[in-house]
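Please open the model in your viewer, switch to a cartoon representation, and keep a selection box to hand. The tour goes from one selection to the next and says at each stop what is to be found there.

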Amino acid sequence: YQHSRKNGLRGMSFSRWGGFGDHKHPAFFSGDAVSTWDTLAFEIQMTVSAGNVGCFWWSHDIGGFEDRSPEKQSELYVRWVQFGITSAALRLHVCGDEKIDRRPWTWGEPYCSAMRDMFHLRSMLIPYLYSTAYESYQDSIPMLRPLYYFDSENKAAYAHPGTYYLGSAMVAAPITRPGSGANCTASSQVYLPDGIWYDYFTEKQYAGGQIIQMENDLYTFPLFVKAGKPLPMQPYTNRMTTAPLSHLIIKIFAGKAHLTDSFTLYEDDGITEEYMSGAYRATELTYTHDGQTRTIAYTPSGNGYTGECSARGITIELHDVAALRCKDAPTGTTVSYYADVHCATVCIPSVSPASAFTVTLENE
């Protein structure tokens with residue numbers, strides 16, 4: 001760990017569990033897992049509950065290390081990848097057996113395409129995931145959070161250990177049993193916390209505080225976004241953690257009226273410890289619907305960092321809304337409405353990451 005901190009770089013170790021106290025030197029390696037559905041289910045529950053004792057950063061052998069029947073495990077591999085994109089690390093690894101190859105493109109269709117979709121989604125979620133990782137560091141709260149963290153008096157929150165918050169805006173419940181049919185459709189029961197939630201893939205709205213029945217083919221899994229919570233994303237890039245955030249996407253599932261929520265987008269250079277002395281950008285993204293107008297506020301703080309973009313484009317996506325028109329926004333902003341999917345898109349061509357602005361929208 002100390003060796004990795006040389007020349008001003010940010011330190012990190014990668015090792016098996018080193019005992020309590022080792023959480024200061026992430027990330028953990030959970031060992032040589034056997035490729036079974038039971039192992040996948042265990043890894044999810046173990047990773048989530050490990051946050052209770054400060055051990056946030058688990059890296060698993062996605063797909064399993066020892067695969068005793070690889071010719072039958074294509075579906076399991078895809079579901080393991082889906083868990084990986086909603087965890088701290090997505091790392092494919094396997095033993096040296098020539099019969100097992102973890103390169104996704106060697107697994108054929110539809111499995112390769114399903115995994116590709118998940119890798120692309122991971123890339124697009126990096127602004128949210130990195131911000132959540134910083135929140136974990138700053139506030140000592142895990143990235144993967146048990147449901148009972150926020151509803152400790154509710155017995156149902158303890159009864160679904162395979163469902164968890166991924167940060168403050170999302171809830172995930174990865175599939176841990178085989179499906180059926182050509183598309184490996186799997187049925188599952190998911191308990192959603194109180195509030196209004198949207199299926200990320202279908203955009204269907206669900207009321208929380210209840211168990212819902214889900215049907216997911218190989219290309220999707222139960223992944224939900226909290227209504228009104230700004231979700232910072234980026235366009236897909238194959239350099240997901242090193243490409244400058246030159247275009248920011250803020251996705252908001254609008255929910256009901258009289259709703260206010262926020263999320264802090266965190267950025268730094270990603271490789272040094274200069275953030276400790278103020279070299280970062282923290283931007284409060286706030287969404288408010290007062291019943292008449294919708295307001296999105298962009299409020300940055302911090303001194304910026306080496307490699308920060310001098311300007312960026314911003315796209316705000318408002319889902320589950322009627323047609324909207326712009327009442328106030330930065331110069332050059334345009335608003336488009338897509339009636340078939342009930343989505344309004346606000347395009348801001350160029351703003352400084354250091355400049356605050358507000359977008360106000362009203363019904364047409």
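Begin by selecting α1 together with β4 and β5: α1 lies across these two strands, and its direction makes an angle of about 85° with β4. The coordinates come from a predicted model, and every stop that follows should be read with that in mind. In residue numbers, α1 covers 37–50, β4 covers 144–146, and β5 covers 164–166.

**The six-stranded sheet**

Extend the selection from β4 and β5 to the rest of their sheet, which is open, has six strands in the order β4-β5-β6-β11-β8-β9, and is paired in the antiparallel sense. At its edges stand β4 and β9, the latter at residues 205–207, and because each of them has a single partner strand, one side of each is left without a neighbour in the sheet. If you look from strand to strand, neighbours in this sheet are turned against each other by 35° on average, when direction is ignored.

Now walk through the sheet by its pairings, showing the backbone as you go. Between β5 and β6, the latter at residues 170–172, the antiparallel pairing runs over three bridges, and if you pick Y164, you will find A172 of β6 as its bridge partner. From β6 the next step is to β11, residues 223–226, again antiparallel and again over three bridges; here V171 has F224 of β11 as its bridge partner. Keep F224 selected, since D199 stands opposite F224 as well. D199 brings you to β8, residues 196–199, which pairs with β11 in the antiparallel sense over three bridges.

**The three-stranded sheet**

Clear the selection and choose β1, β2 and β3, which form an open sheet in that order, with parallel pairing. The edge positions are held by β1 and β3 (58–59), each with a single partner strand, so that one side of each is left without a neighbour in the sheet. For a closer look, select β2 at residues 28–29, which is joined to β3 by two bridges, the two strands running parallel; the bridge partner of F28 is W58 in β3. Before leaving this part of the chain, step back to N7, which is placed in the segment before β1 (15–16) and has a phi near 60°, a positive value in a residue other than glycine.

**Along α3**

Where should you look for P110? Select the loop between α2 (74–85) and α3, where P110 is found, and display the backbone atoms there, as the peptide bond from E109 to P110 is cis, with omega near 5°. Then follow α3 itself through residues 111–139, and pause at L125, where the helix bends by about 60°, with a proline, P127, following within four residues. After α3 comes S140, and its phi is positive, near 55°.

**The two pockets**

Keep α3 displayed and add the largest pocket, which holds about 1,800 Å³ of space. Which residues lie nearest its centre? Of the 50 residues in the lining, those nearest the centre are R10, W57, Y130, A133 and G270. With nine residues, α3 gives the most to this lining, and both α3 and β14 (259–267) supply at least two residues each. Colouring the lining of the largest pocket by class gives 27 nonpolar, 13 polar and 10 charged residues.

For the last stop, turn to the second largest pocket, with a volume of about 340 Å³. Its lining consists of 17 residues, and G162, P174, T176, R177 and Q189 are those that lie nearest the centre. This stop also brings back α1, where the tour began, because α1 and β7 (186–192) each supply at least two residues of the lining. The largest share, four residues, comes from β7. Coloured by class, the lining of the second largest pocket shows eight nonpolar, eight polar and one charged residues.

How values were computed: Residues are numbered from 1 along each chain as its sequence is written. This is a predicted model: local features need pLDDT of at least 70, side-chain atom pairs count only at pLDDT 80 or more; totals for chains, interfaces and linings use all residues. Side-chain values use heavy atoms; hydrogens and water are left out. On a 1 Å grid over the protein atoms alone, a cavity is a set of points where a 1.4 Å probe fits but cannot get out, and a pocket is an open set with protein on both sides within 12 Å along at least five of seven lines; lining residues have an atom within 4 Å of a point. Grid points are joined across faces, edges and corners, and a volume is the space filled by probe spheres set on the points. Ala, Val, Leu, Ile, Met, Phe, Trp, Tyr, Cys and Pro count as nonpolar, Asp, Glu, Lys and Arg as charged, and the others, Gly among them, as polar. Two strands pair if DSSP finds at least two bridges between them. Axes are lines fitted to C-alpha atoms, for helices over the stretch in contact, and angles run from 0 to 180 degrees between N-to-C directions. Contact means heavy atoms within 4.5 Å. The bend at a residue is the angle between axes fitted to the seven residues ending there and the seven starting there.
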